[in-house]
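Here is a friendly briefing to read alongside the structure. Keep the 3D view open and follow the topics in whatever order suits you.

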Amino acid sequence: MGGGIRKVDIVLITYNQANFINEAIEGLLRQNSEALSIRVIVADDHSTDNTLEIIRTASQTEKGKKLEWLFLTEEQNMGIAANYKRAIAATSADYVAILEGDDYWTDSYRLQKHVDYMSTHADCVITKNQYLQYSQQRKEWGILAKEPQIMVLREIINHYPLANLSATVYRGDVLRNIGDKVFEYGEKQRREATDWYMTLEVIKHGYMYIFDDVMSVYRVDTGDNISRVEKTYQEELDKVKICYEQTLELLGKSYQAECLQIVKRTEDFIQKDKENRRVQQWSKYISPCMAEFMWRTMPKIMSVIKHCGRRLIPNALYKKFKGK
């Protein structure tokens with residue numbers, strides 16, 4: 001592989017994840033580090049459970065002692081955007097990997113693969129791997145649709161990919177130079193869009209390479225921590241409209257068409273989700289195939305009935321009732 005020992009900072013973002021942190025640590029410690037010099041920066045946002053104790057214990061094990069550890073602790077909760085800001089400021093390595101405390105890595109050579117690619121492709125500023133998504137509440141697994149292997153800024157906006165940071169590695173010098181607006185916007189948007197703005201700011205300086213390999217697990221709906229939780233349709237729309245406004249401010253008016261698509265895709269998703277939920281409700285009484293057929297054809301049938309009924313009602317009578 002050549003190139004000597006390469007320095008990697010792993011930013012471990014944690015907050016009240018004692019139930020999940022062991023898997024995150026196990027995946028971290030199993031990383032092949034023969035050609036890497038690894039430092040783990042633990043950015044804990046004032047966990048009130050024993051998350052920190054579990055990490056400190058792991059750092060003292062045989063495998064843990066092979067790595068350098070830096071603990072950033074806080075005496076009060078500061079929020080995820082501020083936590084990311086101080087964690088990134090503490091990095092100094094050529095490459096920065098992110099690991100949120102409720103996610104975990106499944107490939108022992110994950111870091112090595114990411115760093116090997118970036119070290120031989122100077123214009124690549126982010127690498128990302130495919131990942132499994134696990135719903136903690138529903139106990140369901142899923143894998144997202146594959147993304148293009150190489151993406152630049154406009155493609156990132158057009159695809160609006162789920163920017164799971166635990167699946168990424170950033171070029172360190174570029175990441176450390178992102179502006180404060182990234183974290184201000186992340187804080188305004190209910191804490192969970194920091195990853196999106198980070199990606200946009202970094203991708204301005206190059207491109208993202210996406211591995212075909214599944215190398216990690218992204219855990220969602222895990223409660224009051226980093227991961228997203230269920231929202232109402234209106235909450236989702238409100239969130240994405242803020243995202244549109246702030247993304248436009250970040251990138252400029254030349255990206256307005258792409259930014260508008262962020263809202264349009266969310267509206268389309270909500271409409272599709274409403275249809276799926278209605279089909280699921282009807283499936284309690286009739287077969288799923290018949291339920292979907294009824295859902296898709298019923299509006300058309302009702303429109304025809306309404307049209308025919310209108311033609312059968314005399315105009316004078318129709319106007320009289322309409323006026324009332």
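A helix axis here is a line fitted to C-alpha atoms over the stretch in contact, and the angle between two axes runs from 0 to 180 degrees between their N-to-C directions. With that in hand, the axes of helix 8 (residues 194-203) and helix 9 cross at roughly 25° and come within 11 Å. Please keep in mind that this is a predicted model.

**The chain as a whole**

- The chain holds 12 helices and 10 strands.
- Of its 324 residues, 48% are buried.
- Taking contacts between residues at least 6 apart in sequence, 80% join residues at least 24 apart.

**Helix 8 against helix 9**

- Angles under 35 degrees count as roughly parallel, and helix 8 and helix 9 are therefore roughly parallel to each other.
- The crossing of helix 8 past helix 9 is right-handed.
- On the helix 8 side, the contact uses W196, Y197, L200 and E201, which meet I242, C243, Q246, T247, L250 and L251 in helix 9.
- Sorted by class, the residues of this contact are 7 nonpolar, 2 polar and 1 charged.
- How many of the residues of helix 8 are buried? The count is 10 of its 10 residues, so "mostly covered" is a fair label, given that buried means under 20% relative accessible area.
- The buried residues of helix 8 are T194, D195, W196, Y197, M198, T199, L200, E201, V202 and I203.
- W196, Y197, L200 and E201 thus appear both in the contact with helix 9 and in the list of buried residues of helix 8.

**Helix 7 against helix 9**

- Helix 9 (residues 233-251) also packs with helix 7 (residues 181-188), at an angle of about 170° and with the axes 11 Å apart.
- Angles over 145 degrees count as roughly antiparallel, and helix 7 and helix 9 are therefore roughly antiparallel to each other.
- Which residues of the two helices meet? K181, Y185 and K188 in helix 7 touch Q246, E249 and L250 in helix 9.
- This contact of helix 7 with helix 9 divides into 2 nonpolar, 1 polar and 3 charged residues.
- In helix 9, Q246 and L250 are met by residues of helix 7, and Q246 and L250 are also met by residues of helix 8.

**Helix 1 against helix 2**

- Helix 1 and helix 2 (residues 51-59) pack with their axes 10 Å apart, at an angle of about 25°.
- That angle makes helix 1 roughly parallel to helix 2.
- Helix 1 passes helix 2 in a right-handed crossing.
- The contact is built from I21, N22, I25 and L29 of helix 1 together with T51, I54, I55 and A58 of helix 2.
- By class, the residues in the contact of helix 1 with helix 2 are 6 nonpolar and 2 polar, with no charged residue.

**A81 and its contacts**

- A81 sits in helix 3 (residues 80-89).
- Is A81 buried or exposed? Its relative accessibility is 1%, so A81 counts as buried.
- Leaving out residues up to four places away in sequence, A81 touches F183, G186, E187 and T194.
- One of these, T194, lies 113 residues from A81 along the chain, yet their C-alpha atoms are separated by 6.0 Å.
- T194 is also among the buried residues of helix 8.

**The hairpin of strands 6 and 7**

- Strand 6 (residues 124-135) and strand 7 (residues 140-143) run antiparallel and are joined by 4 bridges.
- One bridge pairs Q133 with G142 in strand 7.
- The two strands form a hairpin with 4 residues between them.
- K139 lies in the loop between strand 6 and strand 7.
- Phi of K139 is near 55°, a positive value in a residue other than glycine.
- K139 counts as exposed because its relative accessibility is 53%, and the cut-off for exposed is over 50%.

**N16, another positive phi**

- N16 is not a glycine, but its phi is positive, at about 50°.
- N16 is found in the loop between strand 1 (6-14) and helix 1 (21-29).
- With 21% relative accessibility, N16 counts as partly exposed.

Technical notes
Residues are numbered from 1 along each chain as its sequence is written. This is a predicted model: local features need pLDDT of at least 70, side-chain atom pairs count only at pLDDT 80 or more; totals for chains, interfaces and linings use all residues. Side-chain values use heavy atoms; hydrogens and water are left out. Two strands pair if DSSP finds at least two bridges between them. Angles under 35 degrees count as roughly parallel, over 145 as roughly antiparallel, 65 to 115 as roughly perpendicular and the rest as oblique. Contact means heavy atoms within 4.5 Å. Ala, Val, Leu, Ile, Met, Phe, Trp, Tyr, Cys and Pro count as nonpolar, Asp, Glu, Lys and Arg as charged, and the others, Gly among them, as polar. A crossing is left-handed if the near helix is turned anticlockwise from the far one by less than a right angle, and right-handed if clockwise. Buried means under 20% relative accessible area, exposed over 50%, partly exposed in between (1.4 Å probe, protein chains only).
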